[in-house]
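Ready for a few exercises? Have a go at each task before you read the solution below it.

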Amino acid sequence: MVHADYSNLKSGQLSKQETLQHVLDSYEALKTLNWVANLSNCASLLWYAYKSLDVEVNWTGFYLTSVPDDELILGPFQGKVACQTIKFGKGVCGSAASSQKTQLVPNVEEFPGHIACDGETQSEIVVPIVKDGKTKGVIDLDCLNLSGFDEVDQEYLEKLAELISQSL
């Protein structure tokens, strides 16, 4: 198998759970000692997984904790140009980073203080990546539809965040 084959998922081929498990398994198979390579491939895996599920994602990627650790800085992603820095506690990403709790947002317009990097985004899920009690970053997925993500996404993305934290 060549590396690109990990992203070759056909629409309707797998259930949501099977598709997201494929992301977890592929992340593990592709993992290297370099975090940039790992998160770059992971952003692509997420992009193509959700596209295969016919979920209208418009951004899949990461924000990483900067030094000092009160701000997130843009990391590897798929999608349009994005905000470069986000303060802890600000917007969906900053809220996930500061609370260390997943933010599942069915309608971003209803989230107090939402930061609109892309005005077309309707829903979002942000999962903190935590290691040794410290936020190291967040997984961020945006969708063009309302209620684009659910508890199944949360479950698997939280598993992915744990795998990522172990490889930091």
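**Exercise 1.** Work out whether Asp70 is buried, partly exposed or exposed, and find its salt-bridge partner.

*Solution.* Keep in mind that this is a predicted model. Start with the accessibility: Asp70 has a relative accessible area of 37%. Buried means under 20% and exposed means over 50%, so Asp70 comes out as partly exposed. Next, look for the partner: Asp70 makes a salt bridge with Lys87, and their closest N and O atoms are 3.8 Å apart. Asp70 sits in the loop between β1 and β2, while Lys87 belongs to strand β3 (residues 85-87), so this pair links distant parts of the chain, 17 residues apart. Lys87 is partly exposed as well, at 41% relative accessibility.

**Exercise 2.** Find the salt-bridge partner of Lys80 and say which parts of the chain the pair links.

*Solution.* The partner is Glu120, with the closest N and O atoms 3.3 Å apart. Now place the two: Lys80 is in the loop between β2 and β3, and Glu120 is in the loop between β4 and β5 (123-131), 40 residues apart. Check the accessibility too: Lys80 is partly exposed at 44%, and Glu120 is partly exposed at 44%. For the wider picture, the count of salt bridges comes to 7. Among the others, Lys31 pairs with Glu28, the closest N and O atoms being 3.3 Å apart, and a network of salt bridges links Lys16, Asp150 and Asp153.

**Exercise 3.** Check whether the length of helix α2 agrees or disagrees with what its residue count predicts, then look at what surrounds the helix.

*Solution.* Helix α2 covers residues 35-52, which is 18 residues. The expected span is 1.5 Å times one less than the number of residues. That gives 26 Å, and the end C-alpha atoms are 25 Å apart, so the two agree. Now the ends: at the start of α2, a side-chain oxygen of Asn34 comes to within 2.8 Å of the backbone nitrogen of Val36. After α2 comes Asp54, which has a positive phi, near 60°. Finally, the buried side: the buried residues of α2 include Leu39, Leu46, Trp47 and Tyr50, and the buried residues pack against α1, β1, β2, β6 and α4. The ring of Trp47 also has the charged end of Lys51 over it, 4.6 Å from the ring centre.

**Exercise 4.** Classify the aromatic pairs Tyr50–Phe149 and Trp59–Tyr63.

*Solution.* The structure holds 3 aromatic pairs. Take Tyr50 and Phe149: their ring centres are 5.7 Å apart and their planes are at 80°, so the pair is edge-to-face. Tyr50 lies in helix α2 and Phe149 in the loop between β6 and α4, so this pair ties together parts 99 residues apart in sequence. Tyr50 is buried at 0%, and Phe149 is buried at 7%. Now Trp59 and Tyr63: the ring centres are 5.7 Å apart, but the planes are at 20°, so this pair is stacked. Trp59 is buried at 4% and Tyr63 is buried at 1%. Together with Phe77, Trp59 and Tyr63 form one aromatic cluster.

**Exercise 5.** Describe the surroundings of Gln103.

*Solution.* Gln103 is in strand β4 (residues 103-105). Its relative accessible area is 16%, so Gln103 is buried. A polar atom of its side chain lies 3.2 Å from the backbone oxygen of Lys101. Leaving aside neighbours within four places in sequence, the contacts of Gln103 include Val92, Phe111 and Ile125.

Key
Residues numbered from 1 in each chain as written. Predicted model: local features only at pLDDT ≥ 70, side-chain atom pairs only at ≥ 80, totals over all residues. Heavy atoms only, no water. Helix = DSSP H or I, 4+ residues; strand = E, 2+ residues; numbered from the N terminus. Buried < 20%, exposed > 50% of the residue type's maximum accessible area, 1.4 Å probe, protein only. Contact = heavy atoms within 4.5 Å. Polar contact = N/O pair within 3.5 Å; in protein donor to acceptor, adjacent residues only side chain to side chain. Salt bridge = Lys/Arg side-chain N within 4 Å of Asp/Glu carboxyl O. Phe/Tyr/Trp six-rings, centres within 6.5 Å; stacked < 30°, edge-to-face > 60°. Lys NZ or Arg CZ within 6 Å of the ring centre and 35° of its normal.
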